[in-house]
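Subject: Handover of a two-chain model

Dear colleague,

Please find the structure below, handed over for your examination. My notes on it follow directly after.

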Amino acid sequence: MESMSWSVAGPAVGAAFAASLVEVVEAFTIVLAVATLRGWRPAVAGTGAALAVLALLVLTLGPLLDRVPLHALQLTIGVLLLLFGMGWLRKAVLRSAGVLALHDEDAAFAAETIVLRQEAEKNPASLDWIAGLGAFKAVLLEGLEVIFIVIAVGAGRGMLGAAALGAAAACVAVLAVGVVVHRPLSKVPENTLKFGVGVMLASFGVFWTGEGLGIEWPGGDLALFVFAGLFLATGAGMANVLRRPAAEVAR
Amino acid sequence: MSLLKEVLAELFGMFMADARLSGAVLLLVGAVALLIDVAKVDPLVAGAALLTGCLMIVAAVTAATARRR
């Protein structure tokens, strides 16, 4: 952490927090659907099992990161961040423009409930098991994305701890709000978060890819803010240019 | 087995959700690496090409997707 600069640590923690918030909200919706239909036992069991698998993955693969040469690590993570971050930005721009429909947590909750009910009709004896597996899959799949984001924004400059803290804060925030409201967190402005996270991850992607290729960015870490400004301007500009009337989106 | 398939599909989808975007990014990074290592272009110029290329890819893939829908 000695080489940590707050101009990188701030965006890293912020990106890890916001991206994890999006993923944890999605996982929470499924876990809540399971709990509503079958009670908290299978929901908690599935969630706990998935968290155990994720922890095992981190403990097994985490130490290997230290063995990868820094430039190779920066280049690999940089390219993966470009693919992931620009993918999020693309989707957020298209949703913002009305070309793609917005993600709806209430609809996701209803869809998961229907799937579980159909499974219950087919196989009533093993419904607890099926419900637990649903929670397990949701937490495992969204958790994998959280782990990647934490590694991607944290590993390049020894900020894994700070990024993990951001992700943990997102989990606590979602759980705290979820326990209180006890319904899908559909009020979370998911596309705005995704837009911001896409901008930050794509900026980190350009930064690490460049450093991995031996480019010394002028201004050092501060170049990240310039990249973020340019990605934001391009994304917002494209959303504006491509914007469609609401009636057309509904069709 | 189906769970493993879903996990692998999720991981693949994380990075390859849009084939054109992924292909363009990989081509761009390869081209920038060649500019630096083979053509011996000033790394800062190559860096500018990387940044500009990424911004152009975002604009192009969003416009192309919107046109198709």
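Does A:Asp106 count as buried or exposed, and how many C-beta neighbours inside 10 Å does A:Asp106 have? A:Asp106 counts as exposed because it has 12 C-beta neighbours inside 10 Å; the cut-offs are 20 or more other C-beta atoms within 10 Å of a residue's own for buried, 12 or fewer for exposed, and partly exposed in between, with C-beta atoms placed from the backbone. The residue lies in helix α4 (residues 105-122) of chain A. Its C-alpha is 8.6 Å from that of A:Arg183, although the two residues are 77 apart in sequence.

Conventions and confidence

This is a predicted model, in which local features need pLDDT of at least 70 and side-chain atom pairs count only at pLDDT 80 or more, while totals for chains, interfaces and linings use all residues. Residues are numbered from 1 along each chain as its sequence is written, and chains are lettered from A and ligands numbered from 1 in the order in which they are written.

The model scores ipTM 0.92 and pTM 0.81. In chain A the mean pLDDT (the predictor's confidence in each residue, from 0 to 100) is 84, with 89% of the residues at 70 or more. For chain B the mean is 91, and 99% of the residues reach 70 or more. Among the elements of chain A, α8(A) has the highest mean pLDDT, 94, and helix α9 (residues 246-250) the lowest, 54. Where pLDDT is low, the predicted coordinates should not be read in detail.

Chain A

Chain A has 9 helices and 0 strands, where helices (H or I, at least four residues) and strands (E, at least two) are DSSP runs numbered from the N terminus. Of its 251 residues, 47% are buried. Contacts are counted where C-beta atoms, placed from the backbone, lie within 7 Å. Among the contacts in chain A between residues at least 6 apart in sequence, 85% join residues at least 24 apart.

Helix α6 (residues 160-181) of chain A has 22 residues and spans 32 Å from its first C-alpha to its last, close to the expected 32 Å; the expected span is 1.5 Å times one less than the number of residues. The buried residues of α6(A) are A:Leu160, A:Ala162, A:Ala163, A:Gly166, A:Ala167, A:Ala170 and A:Val174. After α6(A) comes A:His182, with a positive phi near 55°.

Chain B

Chain B contains 3 helices and 0 strands, in the order α-α-α. Its radius of gyration is 16 Å, well over the 11 Å that the globule rule gives for 69 residues, so chain B is more spread out than a compact globule; the radius is taken over C-alpha atoms, and the rule is 2.2 Å times the number of residues to the power 0.38. The C-alpha trace of chain B spans about 50 × 30 × 15 Å along its principal axes. Buried residues account for 25% of the 69 in this chain.

B:Lys40 lies in the loop between α2 (19-37) and α3 (43-68) of chain B. Its phi is positive, near 55°. B:Lys40 counts as exposed because it has 9 C-beta neighbours inside 10 Å.

Where the chains meet

The contact between the chains takes 35 residues from chain A and 33 residues from chain B. On the side of chain A, α3 (70-96), α5 (127-154), α7 (190-212) and α8 (223-242) each give two or more residues. The largest share, 11 residues, comes from α3(A). This side of chain A divides into 25 nonpolar, 6 polar and 4 charged residues; Ala, Val, Leu, Ile, Met, Phe, Trp, Tyr, Cys and Pro count as nonpolar, Asp, Glu, Lys and Arg as charged, and the others, Gly among them, as polar.

The largest nonpolar core (a set of buried Ala, Val, Leu, Ile, Met, Phe, Trp, Tyr and Cys residues joined through C-beta atoms within 7 Å) has 92 residues, and those touching the most other members are A:Ala15, A:Ala16, A:Val31, A:Met86, A:Ala163 and B:Cys54. Helix α1 (residues 6-38) of chain A gives the most to this core, 19 residues.

Leaving aside neighbours within four places in sequence, B:Cys54 is in contact with A:Leu82, A:Met86, A:Ala202, A:Val206 and B:Leu28. A:Val206, in helix α7 of chain A, counts as buried because it has 29 C-beta neighbours inside 10 Å. With residues up to four places away in sequence not counted, A:Val206 touches A:Leu82, A:Phe227, B:Leu50, B:Leu51 and B:Cys54.

Yours sincerely

Key:
Two residues are in contact if their C-beta atoms, placed from the backbone, lie within 7 Å.
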